[in-house]
Amino acid sequence: MDPLAFFATSRLVIVAGKGGVGKTTVTAALAVAAAKSGLRVLMVEVEGKSGLAHLFGRPSLGYDETSVLEGAGASGSGEVLARAITPAAALLEYLVDHGMRRISNRLVRGGALDVVATAAPGIEDILVLGKVKQLERGGAVDLILLDAPAAGHAITFLESARGLLDAVTVGPINTQARDVMEMLTDEERCSVVLVTLPEETPVNELVDTAYSLEDRVGVKLGPVIVNGLYPPRTGMDVDPVVAAEVAGVVLMQGEAEALRGAAEFRAARVALQDDQVARLSQRLPLPQLHLPFLFTTDLSTNDVHALGDAALDAIAGLGPVPT
Amino acid sequence: MTLESVVAESSIVLCCGTGGVGKTTTAAAVALHGARLGRRCVVVTIDPAKRLADALGVEGLTNSPSQIDGDWPGELWALMLDTKTTFDELVARNAADTGQAQRIYGNRFYRNISDRLSGTQEYMAMEKLYELHEQSRFDLVVVDTPPTRNALDFLDAPRRLTRFLDHRLYRLLMTPGRAYVKAVNVAAQAFLRTVSRVVGGDVIEDAIAFFQAFEGMEVGFRQRAERVLELLSSPETAFVLVASPRGDTVGEATYFADRLAEGGISVAALIVNRMHPRFGSGLAEATRERARTLAGTDLGELFANLADFELVAASEEDHLKGLTARVDPAPVVRVPFLESDVHDLEGLDAIAAHLFR
């Protein structure tokens with residue numbers, strides 16, 4: 001599939017998954033892949049973690065957007081922007097924009113938002129999603145990638161609009177919730193990509209999350225991203241002693257055992273991963289994008305580029321969009 | 001101090017760490033080992049994977065412990081925390097009469113708090129822990145803490161509701177008098193109007209009804225919250241950090257250790273799950289060079305593969321260096337990648353074998 005067609009599926013892509021599966025890394029990789037295709041991409045983080053910023057060599061992100069990567073695509077096109085959206089900042093901006101500057105400070109300061117959020121749960125989520133919706137409508141970027149909260153919370157996060165429509169029947173929050181619902185259920189505007197590791201529990205939880213999101217939120221699911229697959233290596237089944245003879249090399253003491261141990265470990269893990277990938281395709285009829293495990297120390301910006309390239313390769317291998 | 005002695009001597013073990021590091025399974029393995037040591041143990045799980053829940057017999061979500069039979073000298077019990085029921089029980093315990101409890105249960109604002117107020121799950125986990133500890137039915141209570149984004153929410157949790165009760169809005173609403181419009185001053189009315197404008201009047205009505213129904217119960221809540229905090233900081237409680245060797249999770253675990261230290265609490269043990277095994281000399285660069293000179297042969301591939309794992313193992317140790325120094329003299333236990341996820345007691349025993357070797 002052509003990457004531009006892939007990234008044109010919906011302007012907002014929400015990246016979700018259980019903790020520890022590499023959601024943030026995948027968000028960064030997709031952003032780089034889109035920028036390499038010449039697009040202007042905005043990454044949004046909502047949990048106050050600094051993972052996304054670190055991957056681009058920044059200490060943290062602020063409410064205002066900053067450019068973290070420029071000229072990634074052909075002839076200098078393509079850009080990755082990033083920002084953090086917190087409920088309080090989103091509310092403040094909303095009130096100011098809607099002529100309620102005077103009450104905004106009173107509401108946001110002194111923890112009143114906490115009380116209000118308890119009175120109407122989901123209000124914080126809707127404030128964040130409302131801001132994302134505004135950005136999506138604004139059209140200043142080609143693609144928005146939202147690094148969603150971890151799995152269990154991702155469902156409540158995306159369900160917040162529906163829940164609030166019942167609790168808050170009038171006023172600006174009601175309007176926001178309505179607009180957010182409209183965006184989430186419009187597959188031209190929004191889709192969710194779920195991330196998993198090729199391991200048993202994460203695969204099970206991804207399948208559950210996928211069905212919950214479809215049933216309870218009505219959001220469109222994009223391809224599933226399987227992260228952390230060991231890249232293939234040939235010759236793992238060759239006996240090191242035989243391989244050494246063939247190569248005309250004499251192994252030092254202990255080397256054969258070390259080589260054999262590492263080769264067997266890789267083969268065993270690859271077999272386990274293959275099983276889980278197969279199980280996932282069986283249980284969830286969605287296309288899969290595979291991203292490699294990187295044998296490195298810490299993920300650097302270079303690694304994010306490598307993963308971006310891997311994502312582009314994986315996208316190229318996808319079939320055309322089903323009509 | 002070893003992990004073994006932590007399990008043998010503490011009366012509470014709190015397993016803390018971020019999501020995806022195997023905390024739930026570790027907590028269950030710790031409780032199982034306690035039972036093997038002859039202690040009466042209960043493990044409080046938050047959200048176990050389905051097959052582990054089946055193995056522990058907590059699928060029914062009863063919120064009270066169920067016993068797991070086995071050939072150990074002690075006892076092993078497990079329960080899955082039901083936040084809502086635990087909160088209801090707490091209300092019942094503090095209510096003046098059943099009428100007051102019923103009024104609170106029926107309130108929409110209360111249902112929101114007991115269900116969704118961030119930190120409620122942590123608070124109720126601590127409440128359950130306290131309750132189980134008080135009963136004296138168990139020698140050891142093992143708690144799998146929620147994988148909260150703010151790692152120490154659970155320590156703060158019992159205070160959270162009481163802080164909420166201290167909030168200005170609450171005090172305004174609780175000013176004696178029937179209708180809030182009459183009772184509160186002009187500024188307060190303006191504030192309430194503001195909130196109404198944003199979220200609608202119903203929400204405010206619900207909140208007022210809740211605070212009125214809650215009247216008289218705060219003292220009980222506050223006192224209990226203080227006792228829970230006291231128990232958490234007493235020497236009979238052990239905090240066990242669970243991590244994986246990835247750079248980001250080690251960072252979270254280090255932050256966690258720092259926050260505990262701020263509270264005057266030290267880490268009793270560090271468990272690192274999902275370690276890559278070590279092969280060979282560990283000199284990844286030399287091995288990589290060797291692979292390069294042999295490129296194109298099977299032996300070259302084998303050396304390249306070895307270099308991959310040597311690099312990963314070295315970087316994992318590198319990530320852990322600061323953290324192990326940080327928690328010193330706490331024991332550090334490394335658990336390798338396991339072949340499959342844990343589905344039964346046999347699997348838990350396999351983990352325990354790594355934890356307590």
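**Exercise 1.** How many residues does helix H14 (residues 247-262) of chain B have, and what distance does this helix reach from its first C-alpha to its last?

*Solution.* We are working with a predicted model. As a first step, take the length: H14(B) has 16 residues. As a second step, take the span, which reaches 23 Å from the first C-alpha to the last, close to the 22 Å expected at 1.5 Å a residue. As a third step, look just beyond the helix, where H14(B) is followed by Gly264(B), a residue with a positive phi near 75 degrees.

**Exercise 2.** Find the buried residues of H14(B), and then name elements that cover them.

*Solution.* A residue counts as buried if 20 or more other C-beta atoms lie within 10 Å of its own. In H14(B), the buried residues are Asp248(B), Thr249(B), Val250(B), Glu252(B), Ala253(B), Phe256(B), Ala257(B) and Leu260(B). Turning to what covers these residues, we find elements of chain B, including strand S1 (12-16), strand S6 (237-243), strand S7 (267-275) and helix H16 (298-327), and also helix H3 (51-55) of chain A.

**Exercise 3.** Are helix H15 (residues 284-293) of chain B and H16(B) roughly parallel or roughly antiparallel?

*Solution.* Begin with the axes of H15(B) and H16(B), which come within 8 Å and cross at roughly 165 degrees. Because angles over 145 degrees count as roughly antiparallel, H15(B) is roughly antiparallel to H16(B). The crossing by which H15(B) passes H16(B) is left-handed. The contact involves Ala284(B), Thr287(B), Arg288(B), Arg290(B) and Ala291(B) on the side of H15(B), while the residues of H16(B) include Gly300(B), Phe303(B), Ala304(B) and Leu306(B). Sorted by class, this contact has eight nonpolar, two polar and three charged residues.

**Exercise 4.** At roughly what angle do the axes of helix H2 (residues 23-36) of chain B and helix H17 (residues 345-355) of chain B cross?

*Solution.* The axes of H2(B) and H17(B) come within 9 Å and cross at roughly 85 degrees, and the two helices are therefore roughly perpendicular to each other. Next, list the residues that meet: Thr25(B), Ala28(B), Ala29(B), Leu32(B) and His33(B) come from H2(B), and their partners in H17(B) are Leu345(B), Leu348(B), Asp349(B), Ile351(B), Ala352(B) and Leu355(B). By class, the residues of this contact divide into eight nonpolar, two polar and one charged.

**Exercise 5.** How many helices and strands does chain A have?

*Solution.* Chain A has 13 helices and nine strands, and its C-alpha atoms fill a box of roughly 80 × 45 × 40 Å along the principal axes. Of its 323 residues, 47% count as buried.

Terms used: Residues numbered from 1 in each chain as written. Chains lettered and ligands numbered in written order. Predicted model: local features only at pLDDT ≥ 70, side-chain atom pairs only at ≥ 80, totals over all residues. Axes fitted to C-alpha atoms, helices over the stretch in contact; angles between N-to-C directions. Helix = DSSP H or I, 4+ residues; strand = E, 2+ residues; numbered from the N terminus. Parallel < 35°, antiparallel > 145°, perpendicular 65-115°, else oblique. Contact = placed C-beta atoms within 7 Å. Nonpolar A, V, L, I, M, F, W, Y, C, P; charged D, E, K, R; others polar. Buried ≥ 20, exposed ≤ 12 C-beta atoms within 10 Å, placed from the backbone. Expected span 1.5 Å × (residues − 1). Left-handed = near helix turned anticlockwise from the far one by under 90°.
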